[in-house]
Amino acid sequence: MLRAHETEIAADAAPGGCYGNAMATKQHLYLVDGSAYIFRAYHRLPPLTDPEGTPVGAVYGYTTMLWKLADDLHKADGPTHLAVVLDKASTSFRNEIYSEYKANRPEPPEDLVPQFPLIRDATRAFSLPCIEEPDVEADDIIASYARAATRQGWDVTIVSSDKDLMQLVGKCAEPDDGVEGGCIDMLDTMKNQRIDVPEVEEKFGVAPELVGDVLALMGDSVDNIPGIYGVGPKTATKLIQEHGDLEGALAAAPAMKKSKLKERLIEGADMARLSRVLVTLKEDCPLPVALDDLKLDAIPPGPLAAFLDRHGFTSLRKRLDTGTGSPARTTELSPAKQETEAAAPAEGASRQPLPDMPPCDHGAYECVTSLEALDRWIERAFAARLVAFDTETSALDAMRADLVGVSLALGPNDACYIPLGHGGTDMFAEKPEQIDREKALERLKPLLESDTVLKVGQNAKYDLNVLARHGIAVAPVDDTMIVSFCLDAGRDENLRGHGMDELAERHLGHSCIPFKDVCGTGKKAISFAEVALDRATCYAAEDAEVTWRLHRVLKPRLSDEGGTRIYERVDRPLIPVVASMERHGIRVDREKLAGLSAQFAEEIGALEAEIHGLAGESFTIGSPKQLGEILFDRMGHKGGRKGKSGQYSTDQSVLEDLAAQGVAMAGKVLDWRQLSKLRSTYTEALQAAINPDTGRVHTSYSLVGAQTGRLSSTDPNLQNIPIRTEIGRQIRDCFVSEAGNVLLAADYSQIELRLAAHMADVPELKDAFAAGEDIHARTATEMFGVVDRDTRARAKTINFAILYGISRWGLAGRLGVEPDEAQAMIDRYFERFPGIQRYIVATLEKVRGCGYSETLFGRKTWFPRINSKRQAERQGSERAAINAPIQGTSADIIKRAMVRMGPALEDAGLRHVRMLLQVHDELVFELPENDVAAAGPVIERVMAEAALPSVRIDVPMGIEIGSGTSWGAAH
DNA sequence: GGCCGAACGTA
DNA sequence: GTACGTTCGGCCC
């Protein structure tokens, strides 16, 4: 019967018998892997509930995905047929051949369980066929449908990201029915990515038909497929690449050189063959619904509306009513379709065009070259009370760059560019017509400083600094980059930087003109000042306009998603504060640096000669590759271990071991490395970083640099200036105050441990901090009963290990003990401080459930891999998730202190105290020597009380303050 | 010129 | 074991 159907369909699909190029008649079956999808949706979306309190986050994600698919049905490669396949199997044929199959699969989270039946409801609401079979796994059903469809010449898209299904990609049917076979690809709707043969090859390093062989070797801990112990994706791929296929790799094992891998391959050969069978998809399952019954038709709005109402999906309901972006519509799409599709509220990750916004039109931008035109824009901006702005400059360094132009945007395709410095700064050079820079800035200043007009920037700190150098104090300011950071920190590995191009792609579906297309790259790069005005206008006005659009999409999400508090109270007010610190910069003693550099150079030279002498040949000491070969191959020293790159490791611990064995060269190389590092990274680089205009070093802080909320510092990085060794400390002495001034350093002592004691509610630790005790000594007492140098050092290590998310192996490595012993210490720690264990368990539960961690001030950090099936990935996320609330709360506290510091000093009449640097738990100020006595207590109080009144930490904040004419002396 | 991994500086 | 940024060699195009 089935055959009859298939033949019929094949005939339908190709009127006139023409298969090859008839896009319009080609059938395209979409197979949605529903079960896998909701697991992913569950972990990516917030824990929403419907009006009755049923958790529906995953269902919501699933519904929007179906909506989008149904919407694509008129596209060239959109679906003509669609089925949702659900996993109903508790057992399958795989259990018959391997009883352990899926034996250790964990129970799904409890707020996901009630969502499974809703998936069926949602599918029915769309009037889509839902296929599930007892004792047949979804993957096998999908494979069977895919196979049957391609046999008929249909194309197939599998909506899933399951790696097992990637075996099917590209596979075409044999032309046994006289039909040209269709092709199979996959669609990952979460990442909005098509997976075709090249993507599979990129992921696995082999063609799709060999993916099963790779999977068989690597196994799968979630499905409990054994594979070969110790073989992961990398090794599996390599083996298959080298030996052709699984049997080839197994056959080659006996001839391999002696290694763990060789033994395991030989011993595990049968397990690998069994795994191969387990990962093979069954392609001949009976098809419970005939292919042509999967035809996608008009979707009746009635059941869908009822479903959306019932679960409170109001935004989708609105879309259904207005018919905009409605999947129920079957008419051809209007050209405006893309823009009328509403953004889903809960999906920060969604890539959907904006409501009522036309696409960007570069032709609509105005190049403003007259004062009259400029005045019109300024007037309209005042009326609009919100203007997105951007500055174009001649370089990336805000403290050195010349202002080249300013762009403004008031709405979609309502943007302009005001060129001010094109043609360069040469007074006699030929320049394009443009408004005089000073005159234009004079007009812009009232707008940019007006209390009643919100200025929106993307990384506005940069523009603030550029304009501050022209006497304009831009305020008030919103920053789309910071908003994105407050909403989506860590949410997607592809969006770490919150840069405009990425945000535009993600939230607007818009690709910005790449900067390199305008200014070129590398040697041939030109300054923005050299760019012709028409091209400059497109690029610059687009930047302002995209910023305007991003603001419109992102800002409302703050209140919806609980980001307002951290944005308004911490990160947003910090922008001008950090901008001001950057502008002040810090003085460094160039002569002293140069002196150190010369001294280091001499010592480096001497060490080099000694090392070459000991080696018996000349080589590049800075090359770990060459060094490893010399030490372990040529000189035959023991202790060589190779990392995954196949290279010997020659890091500090390895060299220290060698030195302890009496290898003179190892110690010399360590000294050489320290001096080389200090010289190239600090004494040389810092001299080069001195700004010729100000004579000071101006770092650039990134406000979105660390997922936890910390700042980061670049160009130069002033957050990693040496302090631990005496020789490194000399570099801190090169950071100096101006004559008559001193530097004052104030740091939070042990802030992260104090926060851990508070957040985990550990009475012993809280008491110890309250009493001003030595916290590591107290820990040693609790742990070992005695305090001496050794137990205190161990206790300190363990305390830090806790903050970083502990593992027995990690702690063992640090303490130089066996993992068992380390585990015993961890157990003891948890026993003595049960609050710590409760904190860890509660934190992980929360993150696994809702996808993010939170600081005491409500800063979210997302951990998309917290439920990954890859153990290393998952455990890495777990450690980061344990650390993030502590590190992040610490970051919040010092940021709050920074925001309050200026006004507090001002109130105290201390107008000459300048905050210069922040190093995570330390603030560095420059101030007149005479102000130290008055400023110290103010600074201390602001820092100590920074959490209040929002949060009361029931442990005192210890602040240590010192001052001196150099940073080194201030410690 | 651009990218990656190793190594190492900080909290 | 957390969070970063920079330098270098080695390799690619």
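When we say a helix touches a strand here, contact means that heavy atoms of the two lie within 4.5 Å. Keep that in mind as we walk through this structure, which is a predicted model.

Let's start with helix α6, residues 138-151, which lies across five strands: β1 (28-33), β2 (81-85), β3, β4 (155-159) and β5. Compare its direction with that of β1 and you get an angle of about 175°. The strands under α6 belong to an open sheet of six, and if you read across it the order is β3-β2-β1-β4-β5-β6, with mixed pairing. Which strands stand at the edges? They are β3 (130-131) and β6 (193-195), and each has a single partner strand, so one side of each has no neighbour in the sheet. At the β6 end, β5 (residues 184-188) runs antiparallel to β6, and three bridges join the two. You can pick out one facing pair there: Met 186 is opposite Ile 195 of β6.

Just before β3 there's a small oddity to look for. Ser 127 sits in the loop between α5 (115-125) and β3. Its phi is near 55°, which is a positive value in a residue that isn't glycine.

Now move along the chain to another open sheet. Six strands make it up, in the order β7-β10-β9-β8-β11-β12, and the pairing is mixed here too. The edge strands are β7 (366-367) and β12 (477-479); each pairs with a single strand, so one side of each is left open, without a neighbour in the sheet. Inside the sheet, β8 (residues 386-393) and β9 (residues 403-411) run antiparallel and are joined by six bridges. If you want to find one of the matched positions, look at Thr 393, whose bridge partner in β9 is Leu 403.

Helices pack on this sheet as well. Helix α22 (residues 533-560) touches β7, β8, β9, β10 (414-419), β11 (454-457) and β12, and its direction makes about 140° with that of β8. Helix α23 (residues 564-584) packs on the sheet too, touching β11 and β12, at about 105° to the direction of β12.

While you're at β12, check the loop that comes before it. Pro 476 lies in the loop between α18 (460-468) and β12, and the peptide bond joining Ala 475 to Pro 476 is cis, with omega about -10°. Another cis peptide bond joins Leu 948 and Pro 949, with omega about -5°. Pro 949 is in the loop between α37 (932-944) and β23 (958-964).

Next comes the DNA. Strand B is surrounded by 22 residues, and the closest are Thr 521, Thr 650, Ile 723, Arg 724 and Asp 921. Which part of DNA strand B accounts for 79% of its atoms within 4 Å of the protein? That would be sugar and phosphate. Some individual contacts are worth finding: a polar side-chain atom of Arg 673 is 3.0 Å from a phosphate oxygen of strand B, while an N or O atom in the side chain of Arg 710 is 3.1 Å from a base nitrogen. The surface near strand B is made of six nonpolar, eight polar and eight charged residues. Helix α27 gives the most to that surface, with three residues.

DNA strand C has 33 residues around it, and the closest are Ser 623, Ser 712, Asn 717, Ala 801 and Gln 887. For strand C, sugar and phosphate make up 76% of the atoms that come within 4 Å of the protein. A backbone N or O atom of Gln 707 is 3.0 Å from a phosphate oxygen of strand C. The bases are involved as well: a polar side-chain atom of Lys 677 is 3.5 Å from a base oxygen, and a backbone N or O atom of Thr 797 is 3.5 Å from a base oxygen. Among the elements that give two or more residues to the surface near strand C are α27 (664-688), α32 (789-803) and α36 (871-907). That surface divides into seven nonpolar, 19 polar and seven charged residues.

Finally, follow α32 to its neighbour, helix α34 (residues 819-832). The two pack at an angle of about 75°, with their axes 11 Å apart, and are therefore roughly perpendicular to each other. Arg 794, Ile 798, Asn 799 and Ile 802 of α32 meet Glu 821, Met 825, Tyr 829 and Phe 830 of α34. Sort these contact residues and you get five nonpolar, one polar and two charged.

How values were computed
Residues numbered from 1 in each chain as written. Chains lettered and ligands numbered in written order. Predicted model: local features only at pLDDT ≥ 70, side-chain atom pairs only at ≥ 80, totals over all residues. Heavy atoms only, no water. Pairing = 2+ DSSP bridges. Helix = DSSP H or I, 4+ residues; strand = E, 2+ residues; numbered from the N terminus. Axes fitted to C-alpha atoms, helices over the stretch in contact; angles between N-to-C directions. Near = heavy atom within 4 Å. Polar contact = N/O pair within 3.5 Å; in protein donor to acceptor, adjacent residues only side chain to side chain. Nonpolar A, V, L, I, M, F, W, Y, C, P; charged D, E, K, R; others polar. Parallel < 35°, antiparallel > 145°, perpendicular 65-115°, else oblique.
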